[in-house]
Structures are given as structure tokens and as C-alpha cells.
Amino acid sequence: MVKIALAGNPNCGKTMLFNALTGSNQYVGNWAGVTVEAKEGRLKGEKDVIIADLPGIYSLSPYTPEEVVARNYLVNEEPDVILNIIDGTNLERNLYLTTQLCEIGIPVVMAINMIDIVKRNGDIINTEEISEHFGCVCFEISALKGTGVKKCAKKAVELARNNRGIPPIHHSFDDRVESAVHFISAILPSGTDMLHKRYYATKIFERDSIVSAEFPECASLAESLIKDIEKYYDDDSESIIADQRYRYITKCIDECRVKSGKTPVSEKIDRIVTNKYLSLPIFAAVMFGVYYVSVTTFGGALSDIIVEKIYGENGFSFIVSNLLDAVNCAPWLKGLITDGIIAGVGSVLSFVPQIFVLFVFLSFLEDCGYMSRIAFIMDKLFRKFGLSGKSFIPILVGTGCGVPGIMSSRTIENESERRMTVITTTFIPCGAKLPVISLFASSLFGGAWWVAPSAYFTGIAAIITSGIILKKTKPFYSKPSPFVMELPPYHMPSVKSVARATTDRTLSYIKKAGTVILLASCAVWFLSNFGFYGGRFGMVMNMDNSVLAYFGNIIDVIFSPLGFGTWQASVATLLGLAAKEEIVGVFGVLYNSIGEGFNQLSGYSFLMFNLLCAPCIAAMSAIRKEMNSAKWTFFAIAYQCSFAYCVSLCIYQTGLALQTGRIGAGLICAALIFAFFVYMLLKKPYQMKYELLQNRTHK
């Protein structure tokens with residue numbers, strides 16, 4: 001069995017190359033942190049060749065979870081070949097990792113990716129010169145267009161099968177450092193793998209905590225020598241190594257690349273898109289346009305066609321109903337099929353066009369490189385509230401689905417910041433919430449242009465508000481972690497890439513409609529049509545006498561202050577915790593028209609509560625896994641539900657007071673909640689209180 005490891009910087013195109021080589025549909029996002037663990041697949045046409053897609057890393061230093069995962073795989077799993085993917089538009093940064101990979105002792109094949117962009121910029125890269133400098137075979141490829149991909153993979157397999165164990169030529173440091181590395185290599189224990197000796201010696205010289213702990217005696221013997229060299233260079237050992245690597249890389253690039261001198265197109269675009277004053281308005285306009293087109297105009301028009309095909313005069317539901325009448329179907333079975341399955345599942349499926357259009361836009365924005373800029377832009381804003389741009393990446397991922405959004409928080413090293421990101425990520429409307437938004441926008445607001453975008457920006461506001469409030473408490477206080485991110489060059493996404501990402505997400509939605517939603521709709525129909533009446537259990541004529549109504553009436557008092565204190569709305573809210581799409585399914589079974597149970601004010605309150613409250617069961621499970629604590633999981637769910645309740649209460653009670661002119665207990669509660677929010681937003685952070693105490697102590 002042959003193992004090939006794909007290694008490279010974030011945004012260099014590893015996962016896209018992985019998909020091209022294996023036929024896998026791993027998610028490709030044009031920002032750092034999409035791959036947070038090693039993923040494996042088999043090379044197409046080669047059953048005995050396994051390809052591992054490692055997390056994007058900048059070096060083999062153990063500073064981030066990604067770097068630990070990648071280097072553990074490379075050193076402990078010992079793949080036969082490392083396929084090093086390099087962003088051709090940023091050779092300096094990418095080749096830094098290459099110098100370290102060459103020291104591990106495993107054969108390396110270099111793939112200069114994005115060569116189409118390099119040529120478009122007018123630059124020339126001499127791959128033969130690079131091969132001579134690093135002792136590796138070097139190819140020009142474009143993972144996006146498939147150029148050179150097969151040739152590169154074929155060479156890697158050939159190298160693994162025929163030249164296994166032959167390491168690449170590593171570069172040399174200057175004489176003093178090189179002699180120190182040789183000395184450390186010589187005193188390593190005799191059982192140390194010969195292939196990795198250079199790697200271990202260099203890491204001990206850098207005082208790498210993990211390697212030094214593995215070889216404590218060797219690290220202790222080398223310490224005095226390292227201190228002498230640090231004194232000579234007047235710098236720490238890690239910086240000495242980094243400086244010498246970059247000197248070597250600079251020399252190599254000067255000999256291997258010819259720059260055109262033209263300003264890249266990406267830089268020209270970024271002067272506008274990342275502009276200090278224009279960036280946020282442009283982002284707001286882009287996301288407004290995405291939701292407006294997806295929900296209100298084009299996507300809405302397509303959904304209307306689906307609704308007509310399902311529920312129209314000669315639609316699917318009408319045809320099935322007539323067929324069931326023709327075969328003298330039992331009334332209860334006809335009701336289950338038409339009012340349960342078709343009404344419930346059909347209500348959810350009718351929004352597939354809007355979901356599809358939304359995912360097309362999101363996939364395009366992610367793949368073209370724009371979303372990376374948003375993380376960079378939001379870093380400036382989030383940092384003011386105690387978060388970093390790293391926290392915005394899970395939010396962007398969560399726009400499609402909350403589960404991968406929550407999981408991508410693993411890239412955040414700061415524990416309190418990571419917890420806060422997990423808690424707030426699902427405030428952003430995911431694909432499952434879009435049908436709920438669309439239902440209320442079309443049924444209660446006549447397709448008003450502002451409803452769908454307001455849902456997205458309310459989620460952003462909830463995240464920022466929560467960030468400010470939580471950061472001012474002791475459990476969540478910490479300084480924002482540094483956010484370093486390379487902005488990938490803009491490129492036109494391939495139709496295949498966008499289509500694959502969109503199709504995968506849409507099929508996931510449809511699959512859920514055919515499983516979870518189907519079962520839930522059947523259960524809702526049964527429980528809403530059967531109950532105890534006249535001392536016996538059976539089918540009831542009025543849903544208000546059903547089992548579902550009985551349980552709904554027990555909890556509806558909780559939601560009465562929010563304006564939707566009916567048993568139907570209460571049941572829909574609870575079942576939305578199984579899957580947010582099920583809210584639409586419940587309405588399809590229990591309501592002939594949304595207007596029966598809601599007006600615009602109560603409908604908007606209901607919408608906001610269900611967008612901000614605890615997510616679906618799958619997302620809650622992801623929270624439990626990432627929190628690794630029952631206590632923190634409970635806190636996350638409790639905070640989300642409490643925050644949603646407070647927001648909805650303020651919306652409904654304030655709106656009701658404006659409509660009626662009355663001041664009641666509800667408005668007073670809303671005013672107190674609003675005052676509490678203002679107090680928490682304006683109060684001094686926990687850090688400032690601590691510093692004041694310290695200052696008083698010193699005085």
C-alpha cells in the first residue's frame with residue numbers, strides 16, 4: 001500500500017487537488033481552516049494508493065492544532081511521498097514549509113499550483129531551477145483547471161514505488177548553525193530513525209517543546225552550544241533558523257522567478273473591496289443581494305412554481321387525492337398521505353430552489369476568494385469586541401450548515417475565544433433556516449425585500465452583541481488571539497467546483513426532507529389527528545382535542561409574551577430543535593394559512609426566536625463534541641435560548657405598545673431587558689476592573 005501526503009499552506013489548493021485525485025467531495029473553502037484533520041481517499045485508478053489531505057499549515061512548529069496534526073502524520077505515519085502543494089503566486093511564504101518538509105527525510109514532489117494565475121500576471125517560474133535547489137521533482141499545475149494534476153500524481157506514485165526511502169536534498173545553514181545541527185544529530189540516541197535525524201536535530205536546536213521532551217538528554221547536552229550561537233547572532237535559536245531559511249528561499253527565488261512588474265489584478269480589486277471605508281458597506285450590499293435574489297426574486301419565483309406543481313389545482317397533491325378516492329382509500333390513510341406526508345414534506349421541498357440559489361451564491365463567493373477578505377475585514381471589527389477574524393471563519397462556514405461551522409472553531413487556540421465562537425456561530429442563519437425565513441417573508445410580509453436580509457444581519461448583530469457581553473465576564477475574558485491570514489488571489493471558480501459544492505449541500509437538505517422531516521411529519525399528523533374524546537382514544541374532528549394540542553397547550557404559556565402563544569406554534573418551535581426545516585413541515589400539516597395564527601408582529605417575533613434559539617440536534621451534538629463538557633454544552637444551549645427569548649420579547653412587546661399605545665407588564669419587562677443589554681455593552685471589561693485593583697494595590 002502506497003501513502004501520499006498532501007502538505008501545503010492554507011489556501012494553496014490542497015483540498016481541491018485532493019478532490020481531483022480521489023474523486024472525493026471534500027468541502028473546498030477559499031480560507032484557512034477548512035481542513036482541520038487529515039482526510040484520506042484512494043487515488044482514482046489506483047486501488048493501492050492512499051492520499052491524505054493534511055490541514056493547511058505554514059510550518060512544522062507546534063503552534064496550532066493543524067500543525068500538530070500535520071507533523072504527527074508526517075513523522076509518525078511516515079507516508080511514502082510528500083506531495084507539497086505550493087501557491088505559485090506566493091512562493092516566498094510557501095517555500096518556507098518546503099524547506100522543513102525536505103528535512104523530514106521523506107521523498108518530496110513539489111507542485112507549483114495556480115500556475116494559470118502566475119502566467120496571467122506575466123511572471124515566469126523556472127521549475128527546473130527549483131528542482132535543483134531542493135532536490136525534488138517540480139511540476140506546474142492548476143488544481144482548479146486540472147492542468148498537470150495527473151502527471152504530478154503519477155510521478156509521486158512512481159517515486160514511492162521505485163525510490164522509497166530516498167530523501168530530497170536539504171538546504172544547508174551557515175557553518176556555525178550547520179555544525180551545531182550535525183553535532184545534535186550525532187548525539188541523538190542510536191535507535192533514532194535515520195531518515196528523521198536531520199529533522200529532530202533542527203527542532204532541538206529551535207527548542208521545539210515536543211521534540212525536546214522526546215529527547216531530553218540530547219536537548220540538555222545541546223543547550224550550552226545553542227546559547228553560544230544565540231550569543232554570537234544576538235538572537236534566539238528559532239529566529240536564527242527562520243532567518244536562514246528565508247535567506248536561502250530569497251536566493252532561490254531570485255534565480256528561479258522572473259517578475260513582470262505589473263500590479264496583480266487581485267491587488268487592484270482589494271484596493272476597493274478591503275478599503276477602510278468601503279469594505280463593510282460592500283459586504284452588506286453583497287449579502288443583501290444574495291438573500292434578496294435567493295429568497296425574494298429569482299429563488300422565490302422558482303419556489304412559487306414548485307408550490308403550484310405540488311398544491312395547485314392540478315398539482316401532485318390533487319392527483320394523489322383523486323387516486324386515493326378512486327381506490328376507496330381509508331380516510332385516515334388518505335389524511336396521512338395528503339395532509340401529513342405531502343403537506344409536511346412538500347412544504348419543505350418547495351423551498352429547494354431558494355436553497356439551491358443561495359448555495360450557488362455562497363459557493364461562488366467562497367471559491368473566488370471574496371470570503372477570505374471578509375474574514376480579514378471582520379477581524380478589525382471583531383477585535384474591538386474581544387474576538388478575532390478566526391471567529392468569523394466558523395460563522396461563514398455556518399452559513400451553509402451549523403455543524404461544520406461549529407467544528408471549524410477547532411482552529412482557534414484560545415480556549416475562551418473558541419467556546420464563545422461555538423456558542424455564537426449558530427446565530428447566523430444556516431441553509432436549514434432559510435425555508436422558515438422564506439415562509440414568513442412570503443406568507444406574512446408579501447415577499448417584502450427587507451425580511452430575508454434582516455434575518456442575516458440580525459444574526460451578525462447577535463454575534464457581536466454576545467461577544468461584547470460575554471467578553472466582559474470572567475469565564476470568557478482573554479485577549480483576542482492574533483489573526484494571520486494570506487489573502488488568496490481572486491479567480492473565477494470553475495463551474496464544476498461550484499456545481500459540486502452546491503449539489504452536495506442541496507442534496508443534504510433534500511435527504512433530510514426524505515428522512516427526518518418525513519418521519520416527523522407523519523408523527524405530527526398522527527398526534528394532531530388522534531386524541532381522547534368522549535372517554536375514548538381515536539381520530540378527532542378538531543385538532544384542538546388531539547394529543548399534540550394537549551402537550552402544546554402545556555407549554556404555550558411560555559411563548560405567550562412573545563406573541564405566538566398557540567399550541568401549534570409551540571409544537572413547531574420544539575420540533576424545530578430536531579431540524580429547523582421541520583418548522584415549515586409542522587406548519588404544512590397544522591395550518592391551512594400562516595395568517596391563521598400570526599400577524600406580522602407576532603410572525604416576526606416567532607421568526608427571530610427560531611433563528612437565534614438553540615440549533616438542531618445535529619448542531620447541538622457538534623457543540624457537545626467541541627466543548628467536551630456537559631456543563632459548557634448546557635450553558636451554550638441555555639444562553640442561546642435565553643438570548644433568543646429576550647430579543648423576541650423586546651421585539652413583540654415594543655411593537656405591541658406602539659400599535660396599541662398601552663404600557664403593560666410585558667413592555668416593562670422588555671424595557672428592563674433592554675436596559676440590561678445597554679448596561680452590559682457599556683460596562684467596563686473584566687480586564688479593566690482587574691487592572692484598577694492592581695493599580696490600587698501598588699499605590
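Is the crossing of H21 and H30 right-handed or left-handed? The crossing of H21 and H30 is right-handed, where right-handed means that the near helix is turned clockwise from the far one by less than a right angle, and left-handed that it is turned anticlockwise.

Before selecting anything, note that this is a predicted model, in which local features need pLDDT of at least 70 and side-chain atom pairs count only at pLDDT 80 or more, while totals for chains, interfaces and linings use all residues. Residues are numbered from 1 along each chain as its sequence is written, and side-chain values use heavy atoms, with hydrogens and water left out.

**Stop 1: H21 and H30**

Select residues 415-425 for helix H21 and residues 630-660 for helix H30. Helices (H or I, at least four residues) and strands (E, at least two) are DSSP runs, numbered from the N terminus. The two axes come within 9 Å and cross at roughly 45°; axes are lines fitted to C-alpha atoms, for helices over the stretch in contact, and angles run from 0 to 180 degrees between N-to-C directions. H21 and H30 are therefore oblique to each other (under 35 degrees counts as roughly parallel, over 145 as roughly antiparallel, 65 to 115 as roughly perpendicular and the rest as oblique). Now show side chains: Arg419, Val422 and Ile423 of H21 meet Trp632, Phe635, Ala636, Tyr639 and Gln640 of H30, contact meaning heavy atoms within 4.5 Å.

**Stop 2: Asn628**

Step back along the chain to Asn628, in the loop between helix H29 (617-627) and H30. Asn628 is not a glycine, yet has a positive phi of about 55°. With a relative accessible area of 65%, Asn628 is exposed (exposed is over 50%, buried under 20% and partly exposed in between, with a 1.4 Å probe and protein chains only).

**Stop 3: H13 and H23**

Select residues 279-296, helix H13, together with residues 451-471, helix H23. Their axes come within 8 Å and cross at roughly 135°. H13 and H23 are therefore oblique to each other, and H13 passes H23 in a right-handed crossing. On the H13 side the contact is made by Phe283, Ala284, Met287, Phe288, Tyr291 and Val295. H23 contributes Ala452, Pro453, Tyr456 and Phe457.

**Stop 4: H24 and H27**

Next, take helix H24 (residues 495-529) and helix H27 (residues 582-590), which pack at an angle of about 35° with their axes 10 Å apart. H24 passes H27 in a right-handed crossing. Display Ile517, Ala520, Ser521, Val524, Trp525 and Ser528 on H24; these meet Glu582, Val586, Val589 and Leu590 on H27.

**Stop 5: H10 and the loop after it**

Select helix H10, residues 216-233. Its 18 residues should span 26 Å at 1.5 Å a residue, the expected span being 1.5 Å times one less than the number of residues. The end C-alpha atoms are 25 Å apart, which agrees. Centre the view on Glu223, where H10 has a kink of about 40°; the bend at a residue is the angle between axes fitted to the seven residues ending there and the seven starting there.

Colour Cys218, Ala219, Ala222, Ile226, Ile229 and Glu230, which are buried in H10. Their cover includes helix H7 (175-187), helix H8 (197-205), helix H9 (209-214) and helix H11 (237-256).

Asp234 follows H10 and lies in the loop between H10 and H11. Although Asp234 is not a glycine, its phi is positive, about 55°. Asp234 is exposed, with a relative accessible area of 69%.

Move on to Glu238 in helix H11. Glu238 is partly exposed, at a relative accessible area of 27%. A C-alpha to C-alpha distance from Glu238 to Leu672 gives 55 Å, for a sequence separation of 434 residues.

**Stop 6: Ala111 and Asp116**

Select strand E5, residues 108-113, and pick out Ala111. Ala111 counts as buried, at 0% relative accessibility. Not counting residues up to four places away in sequence, Ala111 touches Leu83, Asn84, Ile85, Ile86, Phe139, Ile141 and Cys152. Ile594 is 483 residues from Ala111 in sequence and 57 Å away in space, C-alpha to C-alpha.

The last selection is Asp116, in helix H4 (residues 115-120). Asp116 is partly exposed, with a relative accessible area of 22%. Leaving aside neighbours within four places in sequence, Asp116 is in contact with Ser142 and Lys145. Add His491: it is 375 residues from Asp116 along the chain, and their C-alpha atoms are separated by 9.8 Å.
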